[in-house]
Amino acid sequence: TYRAAVASLIKRQSSPSDDEENPRESTQFICSTFRPELVAAANRHFGISHQNKVSSLHLLEKDDALNFIANLMTEEEAVGEVTSLAPSKAKASRKRKVAEKSAEEVDTENEE
């Protein structure tokens, strides 16, 4: 996938080069993400919590970071299912209003 390719590229670019003609030192990449593909490729994982206007940084194990993201994605999917119902209700409401308006127009034509 695209994200896995990006994660692979970052991992490759952050590693030191063994090429004697083009030596390269290791490089640090800091990414903020909620994507499991990037978390899986990382060698360090941090969580950030916020309480009483203070942010705290916590070192996480890879499994804990992946579990956090999995839980977050599950919650987003559940919210997405709820919000996807709302437009269909609105669409049905609009159709009902159009039908009522059409019925009123037919009634006024019949009265004339």
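Does Leu57 count as buried or exposed, and at what relative accessibility? Keep that residue in mind while you orient yourself in the model, which is a predicted one.

**The whole chain**

Begin by colouring the chain by secondary structure, where you will find 3 helices and 2 strands, and then follow the elements from the N terminus on, along which they run α-α-β-β-α. If you next switch to a surface representation, the chain exposes about 9800 Å², of which carbon and sulfur atoms supply 52%. Of the 112 residues, 7% count as buried. Turning from surface to contacts, and taking those between residues at least 6 apart in sequence, you are looking at a set in which 36% join residues at least 24 apart.

**The two strands and the nonpolar patch**

Select β1 (45–51) and β2 (54–60) together with the side chains of Phe46, Ile48, Leu57 and Leu59, since these four residues make a nonpolar surface patch of about 470 Å², and β1 and β2 are the elements that give two or more residues to this patch. Now centre the view on Leu57, which is found in strand β2. The opening question can be settled here: Leu57 counts as exposed, because its relative accessibility is 59% and the cut-off for that class is over 50%.

**The loop between α1 and α2**

Move next to the loop between α1 (2–14) and α2 (36–41), and pick out Glu21, which is found in this loop. Glu21 is exposed, with a relative accessible area of 73%. Extending the selection to Asp18, Asp19 and Glu20 along with Glu21 brings up a patch of negative charge on the surface, in which these four residues gather.

**The salt bridge**

For the last stop, select Arg35 and Glu37 and display their side chains, which meet in a salt bridge with an N to O distance of 3.9 Å; the structure holds 1 salt bridge. How exposed is Arg35 in this pair? At 26% relative accessibility, Arg35 counts as partly exposed, and Glu37, at 23%, likewise counts as partly exposed. Both assignments follow from the cut-offs, because buried is reserved for values under 20% and exposed for values over 50%, with partly exposed in between.

**Looking back**

With the selections kept side by side, you can step from exposed Leu57 in β2, by way of exposed Glu21 in the loop, to the partly exposed Arg35 and its salt-bridge partner Glu37.

How values were computed
Residues are numbered from 1 along each chain as its sequence is written. This is a predicted model: local features need pLDDT of at least 70, side-chain atom pairs count only at pLDDT 80 or more; totals for chains, interfaces and linings use all residues. Side-chain values use heavy atoms; hydrogens and water are left out. Buried means under 20% relative accessible area, exposed over 50%, partly exposed in between (1.4 Å probe, protein chains only). Patches are made of residues with over 30% relative accessible area and no salt bridge: like charges are joined within 9 Å, nonpolar side chains (Val, Leu, Ile, Met, Phe, Trp, Tyr) within 5 Å. Accessible areas come from the Shrake-Rupley method with a 1.4 Å probe; for residues, only the protein chains shown count as cover. Lys and Arg count as positive and Asp and Glu as negative; His and the chain ends are not counted. The place of a charge is taken as NZ of Lys, CZ of Arg, CG of Asp or CD of Glu. Contact means heavy atoms within 4.5 Å.
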